[in-house]
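Hello,

Here is the structure you asked about. Please open it and keep it beside this note as you read.

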Amino acid sequence: MTKKNEEPNVEKRTKSWCALPDAYPKPSVCQQNLFYATLLLEDYAGNASELTAINQYMHHHFMFDDKYKDLAELEECIGIIEMHHLELLAESILLLGVDPKYRTLTNNSPTFWDASYVFYGTDIYDMLAADIVAEKQAIKQYRKHHFLIEDIHIKGLLERIIKDEEYHLKLFTQAASHYCPELFRKITGSSDQDD
Ligand SMILES: [Fe+2]
Ligand SMILES: [Fe+2]
């Protein structure tokens, strides 16, 4: 018999134009696991991580605000979604039995997050290129961790986050096609998709 309160193991949707509308799974784990926490800490506060993405996109938001209003809004909007990802990871890391301080524990050695992980950039071209690389790295790393983690709850959460990262990649690529056609051609390898 199904209990009434067993069904909705999902969080409320995050209303945002730069996240997919699908609900996020409520953070949950089968049991505490230091290895899984170590993997999630890389996604949380490693070099290629949510914390790096938040700070990079917010810096780019500040820099674009004067000249490229819509791009500045895109950076901020995506940065806020990365904050939500950070929160979901923090809650999962806690459930796995580890304090979600801003550091990794890979090879049993604490490495604290560093502001030099952020690609600050000098112009719209290299900033957008770095943002596209950041999303590609995130997708690759999440897929790797999804493969290594057997906990079905964490796998579900990573699958949902990957969907947002793929959408972010699409949004940044669309911005590149508008502002930096040369970058867009380089990314897509196309010569016939100019605006
Ligand atoms: Fe993210
Ligand atoms: Fe993202």
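**Two helices at an angle**

Helices α5 and α6 are oblique to each other. Keep in mind that this is a predicted model. Helix α5 covers residues 152–179, and helix α6 covers residues 181–188. Their axes come within 5 Å and cross at roughly 130°. That angle is neither over 145 degrees nor in the range 65 to 115, so the pair counts as oblique.

Which residues meet here? From α5 come Thr 173, Ala 176 and Ser 177. From α6 come Pro 181, Leu 183, Phe 184 and Ile 187. Of the residues in this contact, five are nonpolar and two are polar. None is charged.

**A link across the sequence**

Now find Ala 23. It sits in the segment before α1, the helix at 34–45. Ala 23 and Arg 160 are 137 residues apart in sequence. In space, their C-alpha atoms are 8.3 Å apart. Is Ala 23 buried or exposed? Ala 23 is partly exposed: 14 other C-beta atoms lie within 10 Å. Buried would take 20 or more, and exposed 12 or fewer, so 14 falls in between.

**Two asparagines in a loop**

Last, look at the loop between β1 (103–104) and β2 (111–112). Asn 107 is in that loop. Asn 108 is found there too. Asn 107 has a positive phi of about 60°, although it is not a glycine. Asn 108 also has a positive phi of about 60°, and it is not a glycine either. Asn 107 is exposed, with 7 other C-beta atoms within 10 Å. Asn 108 is exposed as well, with 7 other C-beta atoms within 10 Å.

Best wishes

Methods:
Residues numbered from 1 in each chain as written. Chains lettered and ligands numbered in written order. Predicted model: local features only at pLDDT ≥ 70, side-chain atom pairs only at ≥ 80, totals over all residues. Axes fitted to C-alpha atoms, helices over the stretch in contact; angles between N-to-C directions. Helix = DSSP H or I, 4+ residues; strand = E, 2+ residues; numbered from the N terminus. Parallel < 35°, antiparallel > 145°, perpendicular 65-115°, else oblique. Contact = placed C-beta atoms within 7 Å. Nonpolar A, V, L, I, M, F, W, Y, C, P; charged D, E, K, R; others polar.
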